[in-house]
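Let's take a walk through this model together, one selection at a time. Keep your viewer open and follow along.

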Amino acid sequence: MNKTNRLDLSIDLVEDMVTQKGHFNNSCMVLEIRELMENYIIQVLLRGQSISLQTAFQHAWTELTDQDSIEMDPFLGLD
């Protein structure tokens, strides 16, 4: 049996997080952040670890806005 791991974050939640960061919302950016957050949360949970939405948002934000300076992530065991 093939199981699919799926997570659906509310677009409103992601928009609120971007707004709290003090940045203008554009739909493409919000959708990209949501997808990055969903994928990251699934990866962390599949490793048996817990994660906050804020941590997932910060990871997605950093990945989207600053590709060159992403720090090694302890949740993914890359350090």
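## A tour of the helices

H1 crosses H3 with right-handed geometry. Keep in mind as you look around that this is a predicted model. To see this crossing for yourself, select residues 11-20 for helix H1 and put H3 beside them: the two axes lie 11 Å apart, at an angle of about 70 degrees. Angles of 65 to 115 degrees count as roughly perpendicular, and H1 and H3 are therefore described that way.

Now show the side chains at this contact. From H1, pick Leu13, Met17 and Val18; they meet Leu53, Gln54, Phe57 and Trp61 of H3. Coloured by class, the contact of H1 with H3 has 6 nonpolar residues, 1 polar residue and no charged ones.

Next, stay on H3 (residues 53-65) and add helix H2 (residues 27-46): their axes come within 8 Å and cross at roughly 120 degrees. H2 and H3 are therefore oblique to each other, and the crossing of H2 past H3 is right-handed.

Which residues of H2 meet H3? Select Met29, Glu32, Ile33, Leu36, Met37, Tyr40 and Ile41 in H2; their partners in H3 include Ala56, Phe57, Ala60, Trp61 and Leu64. By class, the contact of H2 with H3 holds 12 nonpolar, 2 polar and 2 charged residues.

For the last stop, select arginine 6 and aspartate 8. Their side chains form a salt bridge, 3.0 Å from N to O, and the count of salt bridges comes to 1. Are these two residues buried or exposed? Arginine 6 counts as exposed at 64% relative accessibility, and aspartate 8 counts as exposed at 54%.

Methods:
Residues numbered from 1 in each chain as written. Predicted model: local features only at pLDDT ≥ 70, side-chain atom pairs only at ≥ 80, totals over all residues. Heavy atoms only, no water. Axes fitted to C-alpha atoms, helices over the stretch in contact; angles between N-to-C directions. Helix = DSSP H or I, 4+ residues; strand = E, 2+ residues; numbered from the N terminus. Parallel < 35°, antiparallel > 145°, perpendicular 65-115°, else oblique. Left-handed = near helix turned anticlockwise from the far one by under 90°. Contact = heavy atoms within 4.5 Å. Nonpolar A, V, L, I, M, F, W, Y, C, P; charged D, E, K, R; others polar. Salt bridge = Lys/Arg side-chain N within 4 Å of Asp/Glu carboxyl O. Buried < 20%, exposed > 50% of the residue type's maximum accessible area, 1.4 Å probe, protein only.
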